[in-house]
Structure formats: structure tokens, C-alpha cells
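I opened the model to make a few entries on its core, its strands and its loops. The notes follow the order in which I looked things up.

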Amino acid sequence: MRALLLAATAIAALSAAPAIAMPTCTGTTQTVNSGDTVTTAFLTTAGNCVEAGDKVFGDFAVTGAGSGSSSFSFIGPLANVTLGFQGAINPNTVATLHYQVAINPDITTAMRIVALQKDFTLNSDVLNAPATATLVGTTNPATTPPVAISCTRTVNPSTSGCPETDSFAPVEFLVIDETLTTGANAVVTALTDTIFQAPVPEPATLGILGLGLLGLVAARRRA
């Protein structure tokens, strides 16, 4: 009996579908095709969201950067999404970016977010002068293991620890915070985030797995 109870508990845990924490979409939601751009002014308006493929983006907040836009690139409705932020971040600046992304349950329940990649484009505003910038990225709540991206680029000479990718246990959503710190002469013209995803078992598959677990328990009791 105890073994059957444990098996039933395992099945329930596997088949449970926790509520997805979605961005706050009380304003305008814009659906984009791959390659479309959205202004920073729209993104940072409270309550506005963007639907890109099977993902919803929202709750954007930006500091330390001028006006610009963001592009959303993906190869299909159930695919990774690359988010490109265009807008100049000047030398000796600390700029921040905050946003949330979630798998849209109205589109799919079969996908989960499994990795986050960050990168940026660096230039020097003085010909041949050295320049350095560092990008740090985290999520809250933390993933397992936690996202802890920290990469640095230089020019004149050119070196780079970017892009950097952190993988983690599958999640339905991410709340992302990143900080970009530029040094003397450093001008960053773009930030790039890629949200990677992978399929998870459908409820029917979990049900078959559960029947298999019960069968193993029953067979063990007969042995």
C-alpha cells in the first residue's frame, strides 16, 4: 500500500500544472512577427506587452539608455526568441534593463524555458582608443542553478567573454534583470538576449508514465 501511495504521489507531481506567472498585460498587447521592432516607449509603458511566437514579454523598465527600439526574432511559433535592444549607452554609464517573459499557455503547454544567453555590441567613441564594458544578468526568482551571467568586452584591443549562456531546470517564466557598465570611451549600441526553450512531456505522456509506475509497483508486490 505504501508503495502504491508513493507512486500515486509521483504521478500527481509529474502531472501537476502550476500556474504560470504572466507579465502584467493590462494595457496594449502587440503581436509581432519575426523581425518586427517595437519602440522602447511602447515597451516601458505600464501594462503593455508583446506576444512573440509562444512567449509573452512585459513589465519592461530601462535606465541609463536613450530612446530606441527592440526587435523580436524567432523561426516559428514554438521556437527560441532573440530579443535585440537598440539604443546608445554612453561612456561611464550604468544602465539597467528589467523585463519578464513567460510561455503563453494559450499557445502551448508543451514548452519550457531552459537557458538564457546575453551579449552586447561595443564600440569606442574615440578612434583607436581602448574601451571596456561589462554585462551582468540575473533572474528573480532564481532558477536552478541560478542565472549568474557576467561577461566583458573590450575594443582596441578586442577581447570578449560574450556571449554567455546559462542553462537551468525548465521553467515557465523568467523575471530578468541586467546591468551594463561602460568605461571611458565605451559606447554600447545593442543588447541581445536569447530565450532558449525545450519540450516537456504532455499530460497524456505523463499519464502513460504513471500507469507504467503503477505496473512496476504491482509487479513487485506479486514477486
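**Core**

I began with the largest nonpolar core, which has 41 residues; Phe57, Phe72, Tyr99 and Phe120 touch the most other members. I note here that the model is a predicted one.

I then listed the contacts of Phe57, leaving aside neighbours within four places in sequence. Two of the other core residues just named, Phe72 and Tyr99, are among its partners. Phe57 also touches Val81, Leu83, Val101 and Ile195. The rest of the list for Phe57 is Pro23, Asn48, Cys49, Val50, Ala52 and Gln100.

**Overall counts**

I counted elements next: the protein has 3 helices and 14 strands. Of its 223 residues, 39% are buried. I also looked up how far along the chain the contacts reach. Among contacts with a separation of 6 or more, 71% are between residues 24 or more positions apart.

**Asp59**

I looked at Asp59, which is placed in strand E4. Is Asp59 buried, exposed or partly exposed? Its relative accessibility is 24%, so Asp59 counts as partly exposed, the range for that class running from 20% to 50%.

Leaving out residues up to four places away in sequence, I found Asp59 touching Pro23, Thr24, Asn48, His98, Tyr99 and Gln100. I also took one distance from Asp59: its C-alpha atom is 9.0 Å from that of Val175, and the two residues are 116 apart along the chain.

**Open sheet**

I traced an open sheet of 8 strands with mixed pairing, in the order E1-E3-E4-E7-E13-E9-E10-E11. Its edges are strand E1 (29–32) and strand E11 (159–160), each of which pairs on one side only.

At the E11 edge I checked the pairing with strand E10 (residues 149–155): the two run antiparallel and are joined by 2 bridges. In this pair, Thr154 of the one strand is opposite Thr159 in E11.

**Strand E8**

I turned to E8 and asked how many of its 14 residues are buried. The count is 10, and I put the strand down as mostly covered.

Which way do E8 and E14 run with respect to each other, parallel or antiparallel? They run antiparallel, joined by 13 bridges. Thr121 stands opposite Ala190 in E14.

E8 also pairs with strand E12 (residues 164–171); this pair is antiparallel and has 5 bridges. Here I found Leu116 across from Asp166 in E12.

**Cavity**

I searched for enclosed space and found 1 cavity of 30 Å³ or more. The largest cavity holds about 230 Å³ of space. It is lined by 27 residues, and those closest to its centre are Val62, Ala65, Phe85, Leu97 and Leu191.

Which elements give two or more residues to this lining? I noted one helix, H2 (40–43). The strands are E4 (55–63), E5 (69–73), E6 (81–89), E7 (94–103), E13 (173–182) and E14 (186–199). Sorted by class, the lining has 13 nonpolar, 13 polar and 1 charged residues.

**Cis peptide bonds**

I checked omega next. The peptide bond from Thr144 to Pro145 is cis, with omega near -5°. Pro145 sits in the loop between strand E9 (131–139) and E10.

I recorded another cis bond between Asn156 and Pro157, where omega is about 10°. Pro157 belongs to the loop between E10 and E11.

**Positive phi**

Last, I looked at phi in residues other than glycine. Asn128 has a positive phi, near 65°, and lies in the loop between strand E8 (111–124) and E9. Its relative accessibility is 60%, so Asn128 counts as exposed, the cut-off being over 50%.

Asn185 is not a glycine either, and its phi is positive at about 75°. I placed Asn185 in the loop between E13 and E14. At 22% relative accessibility, Asn185 counts as partly exposed.

Definitions and conventions:
Residues are numbered from 1 along each chain as its sequence is written. This is a predicted model: local features need pLDDT of at least 70, side-chain atom pairs count only at pLDDT 80 or more; totals for chains, interfaces and linings use all residues. Side-chain values use heavy atoms; hydrogens and water are left out. Two strands pair if DSSP finds at least two bridges between them. Helices (H or I, at least four residues) and strands (E, at least two) are DSSP runs, numbered from the N terminus. On a 1 Å grid over the protein atoms alone, a cavity is a set of points where a 1.4 Å probe fits but cannot get out, and a pocket is an open set with protein on both sides within 12 Å along at least five of seven lines; lining residues have an atom within 4 Å of a point. Grid points are joined across faces, edges and corners, and a volume is the space filled by probe spheres set on the points. Ala, Val, Leu, Ile, Met, Phe, Trp, Tyr, Cys and Pro count as nonpolar, Asp, Glu, Lys and Arg as charged, and the others, Gly among them, as polar. Buried means under 20% relative accessible area, exposed over 50%, partly exposed in between (1.4 Å probe, protein chains only). A nonpolar core is a set of buried Ala, Val, Leu, Ile, Met, Phe, Trp, Tyr and Cys residues joined through side-chain atoms within 4.5 Å. Contact means heavy atoms within 4.5 Å.
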